[in-house]
Amino acid sequence: MQTEIIESKEIYRGFIALRLATLRLADGARVSREIIEHGKAAGVLPNDARRGAVMLVLARVGLSVTKMRT
(Lines give C-alpha, C1' and ligand atoms only; values in the text may rest on other atoms or scores of the structure.)
Protein backbone atom coordinates (compact mmCIF):
# COMPACT_ATOMS: atom_id res chain seq x y z
CA MET A 1 0.00 0.00 0.00
CA GLN A 2 1.22 3.52 -0.80
CA THR A 3 0.88 6.60 1.35
CA GLU A 4 -2.36 8.40 0.54
CA ILE A 5 -4.06 11.64 1.56
CA ILE A 6 -7.29 10.77 3.37
CA GLU A 7 -8.38 14.33 4.12
CA SER A 8 -7.08 17.84 3.53
CA LYS A 9 -8.70 21.01 4.82
CA GLU A 10 -7.69 24.65 4.76
CA ILE A 11 -7.42 26.01 8.31
CA TYR A 12 -6.03 29.49 7.55
CA ARG A 13 -5.78 31.82 4.55
CA GLY A 14 -3.89 35.10 4.53
CA PHE A 15 -0.52 35.90 2.94
CA ILE A 16 -0.02 32.13 3.12
CA ALA A 17 -2.51 29.29 3.29
CA LEU A 18 -2.24 26.60 5.95
CA ARG A 19 -3.74 23.15 5.41
CA LEU A 20 -4.07 20.21 7.74
CA ALA A 21 -3.78 16.87 5.95
CA THR A 22 -4.48 13.39 7.30
CA LEU A 23 -2.40 10.69 5.64
CA ARG A 24 -2.55 6.91 5.68
CA LEU A 25 1.00 5.56 5.60
CA ALA A 26 2.09 2.38 3.81
CA ASP A 27 1.88 0.44 7.11
CA GLY A 28 -1.73 1.60 7.68
CA ALA A 29 -0.90 4.18 10.37
CA ARG A 30 -2.67 7.56 10.18
CA VAL A 31 -0.73 10.77 10.73
CA SER A 32 -1.51 14.50 10.47
CA ARG A 33 0.75 16.97 8.67
CA GLU A 34 0.59 20.75 8.31
CA ILE A 35 1.10 22.10 4.79
CA ILE A 36 2.03 25.72 4.10
CA GLU A 37 1.10 27.08 0.67
CA HIS A 38 2.88 30.24 -0.42
CA GLY A 39 2.18 31.40 -3.95
CA LYS A 40 3.84 29.28 -6.61
CA ALA A 41 6.55 27.94 -4.31
CA ALA A 42 6.52 24.75 -2.29
CA GLY A 43 8.83 23.19 0.26
CA VAL A 44 8.95 19.67 1.69
CA LEU A 45 11.04 18.57 4.67
CA PRO A 46 11.10 14.76 4.93
CA ASN A 47 12.68 13.53 8.16
CA ASP A 48 14.40 10.16 8.68
CA ALA A 49 14.66 9.92 12.47
CA ARG A 50 16.45 6.56 12.31
CA ARG A 51 19.32 7.99 10.28
CA GLY A 52 19.13 11.44 11.85
CA ALA A 53 18.76 13.07 8.45
CA VAL A 54 16.42 15.58 6.79
CA MET A 55 16.14 16.52 3.13
CA LEU A 56 14.92 19.97 2.13
CA VAL A 57 13.19 20.09 -1.23
CA LEU A 58 12.28 23.51 -2.63
CA ALA A 59 10.41 24.05 -5.85
CA ARG A 60 9.74 27.21 -7.81
CA VAL A 61 9.70 26.82 -11.55
CA GLY A 62 12.69 24.42 -11.17
CA LEU A 63 13.75 22.09 -8.39
CA SER A 64 16.73 22.29 -6.07
CA VAL A 65 17.60 19.78 -3.40
CA THR A 66 19.78 20.32 -0.34
CA LYS A 67 20.56 17.37 1.91
CA MET A 68 21.57 17.92 5.54
CA ARG A 69 22.64 15.49 8.25
CA THR A 70 22.06 16.17 11.93
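Hi everyone. Let me start with one term: buried here means a relative accessible area under 20%, exposed means over 50%, and partly exposed is whatever falls in between. Keep that in mind for T22, which has 19% relative accessibility and therefore counts as buried. One more thing before we go on: what we have on the screen is a predicted model.

Let's take the overall picture. The protein has 70 residues, and buried ones make up 13% of them. How many helices and strands does the protein have? There are zero helices and seven strands, so reading from the N terminus you get β-β-β-β-β-β-β. The accessible surface of the protein is about 5800 Å², and carbon and sulfur atoms hold 56% of that. For those of you who like contact maps, take the contacts in the protein with a separation of 6 or more: residues 24 or more positions apart account for 5% of them.

Now to the sheet I'd like to talk about. Three strands form an open sheet, in the order β1-β2-β3, and the pairing is antiparallel. Which strands sit at the edges? Those are β1, residues 4-13, and β3, residues 30-37, each pairing on one side only. Ignoring direction, neighbouring strands in this sheet are turned by 20° against each other on average.

As a general reminder, strands of a sheet pair through backbone hydrogen bonds, in either a parallel or an antiparallel way. Here, β2 covers residues 17-24, and its antiparallel pairing with β3 runs over eight bridges. Two pairs are handy for finding your way around: T22 has S32 in β3 as its bridge partner, and L20 stands opposite E34 in β3. The hairpin of β2 and β3 has five residues between the strands, and in that hairpin G28 takes a positive phi near 95°.

Let's zoom in on those two β2 residues. T22, found in strand β2, is the buried one from my opening, at 19% relative accessibility. What does T22 touch once we leave aside its neighbours within four places in sequence? The list is E4, I5, I6, E7, V31 and S32. If you match that against the strand ranges, E4, I5, I6 and E7 fall within the 4-13 range of β1, while V31 and S32 fall within the 30-37 range of β3.

L20 also has its place in strand β2, but L20 is partly exposed, with a relative accessible area of 27%. With the neighbours within four places again left aside, L20 is in contact with E7, S8, K9, I11, S32, R33 and E34. There is a distance to go with that: L20 and I35 are 15 residues apart in sequence, yet C-alpha to C-alpha they are 6.2 Å apart in space.

On to the charged side chains. The structure holds three salt bridges, and I'll go through them one by one.

In one of them, R24 pairs with E4, and the closest N and O atoms are 2.7 Å apart. Why does this pair tie together parts that are 20 residues apart in sequence? Because R24 lies in strand β2 and E4 in strand β1. Both ends are partly exposed: R24 has a relative accessible area of 22%, and E4 has 35%. You may remember E4 from the contact list of T22.

Another salt bridge joins E37 and R19, with the closest N and O atoms 3.1 Å apart. This pair links distant parts of the chain, 18 residues apart, with E37 in strand β3 and R19 in strand β2. E37 counts as partly exposed at 31% relative accessibility, and R19 counts as partly exposed at 22%.

That leaves R13 and E10, where the closest N and O atoms are 2.7 Å apart. Is R13 buried or exposed? At 56% relative accessibility, R13 counts as exposed, whereas E10, at 37%, counts as partly exposed.

To wrap up: we have a predicted model with seven strands and zero helices. Three of its strands form an open antiparallel sheet, with β2 and β3 paired over eight bridges. R24 and E4 make a salt bridge between strands β2 and β1, and E37 and R19 make one between β3 and β2. Thanks for listening, and I'm happy to go back to any of these residues.

Note on methods: Residues numbered from 1 in each chain as written. Predicted model: local features only at pLDDT ≥ 70, side-chain atom pairs only at ≥ 80, totals over all residues. Heavy atoms only, no water. Pairing = 2+ DSSP bridges. Helix = DSSP H or I, 4+ residues; strand = E, 2+ residues; numbered from the N terminus. Axes fitted to C-alpha atoms, helices over the stretch in contact; angles between N-to-C directions. Salt bridge = Lys/Arg side-chain N within 4 Å of Asp/Glu carboxyl O. Buried < 20%, exposed > 50% of the residue type's maximum accessible area, 1.4 Å probe, protein only. Contact = heavy atoms within 4.5 Å. Areas by Shrake-Rupley, 256 points an atom, 1.4 Å probe, with all protein chains shown as cover.
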